[in-house]
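Q: Please take a close look at a single part of this model and describe it in connected prose, together with the setting in which that part is found.

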Amino acid sequence: MNTAMRRRRNVRTGMSGRQLLVAQAALVGGVLTALFVKEFPGIVRELRIYRMTGGLRAHRRYP
């Protein structure tokens with residue numbers, strides 16, 4: 001058999017598919033956590049306003 005016809009074993013460098021998925025998941029998780037931490041004070045403020053206005057029971061007062 002000719003040596004040019006044989007398959008060569010390539011030494012792969014870099015990341016495997018699983019490592020890449022884990023890295024992407026960590027990146028997305030970090031971005032979502034940062035967004036939640038940044039928006040948390042506004043969410044708390046909106047919840048307080050919602051509770052002060054009566055919540056779901058206030059539909060008669062605020063049409």
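A: Phenylalanine 40 has its place in helix 1, which covers residues 17-52, and in this predicted model its relative accessibility of 42% makes phenylalanine 40 partly exposed, because that class lies between the 20% limit for buried and the 50% limit for exposed residues. Phe40 also belongs to a nonpolar surface patch, in which it is joined by Phe36, Val37, Ile43 and Leu47, and these residues together offer about 480 Å² of accessible area.

The helix around this position is not straight: helix 1 bends by about 45° at glutamate 39, and proline 41 follows within four residues of that point. Even with this bend, the 36 residues of helix 1 reach 50 Å from the first C-alpha to the last, which is close to the 52 Å expected at 1.5 Å a residue.

As for what flanks the helix, methionine 15 lies in the segment before helix 1 and is exposed, with a relative accessible area of 54%; leaving aside residues up to four places away in sequence, methionine 15 touches Leu20 and Ala23. Just after helix 1, glycine 54 takes a positive phi of about 110°.

Seen against the whole protein, the setting is one helix and zero strands, and buried residues make up 3% of the 63 residues. The accessible surface of the protein comes to about 6,800 Å², with 61% of that area belonging to carbon and sulfur atoms.

Technical notes
Residues are numbered from 1 along each chain as its sequence is written. This is a predicted model: local features need pLDDT of at least 70, side-chain atom pairs count only at pLDDT 80 or more; totals for chains, interfaces and linings use all residues. Side-chain values use heavy atoms; hydrogens and water are left out. Patches are made of residues with over 30% relative accessible area and no salt bridge: like charges are joined within 9 Å, nonpolar side chains (Val, Leu, Ile, Met, Phe, Trp, Tyr) within 5 Å. Accessible areas come from the Shrake-Rupley method with a 1.4 Å probe; for residues, only the protein chains shown count as cover. A salt bridge is a side-chain nitrogen of Lys or Arg within 4 Å of a carboxyl oxygen of Asp or Glu. Helices (H or I, at least four residues) and strands (E, at least two) are DSSP runs, numbered from the N terminus. Buried means under 20% relative accessible area, exposed over 50%, partly exposed in between (1.4 Å probe, protein chains only). The expected span of a helix is 1.5 Å times one less than its number of residues. The bend at a residue is the angle between axes fitted to the seven residues ending there and the seven starting there. Contact means heavy atoms within 4.5 Å.
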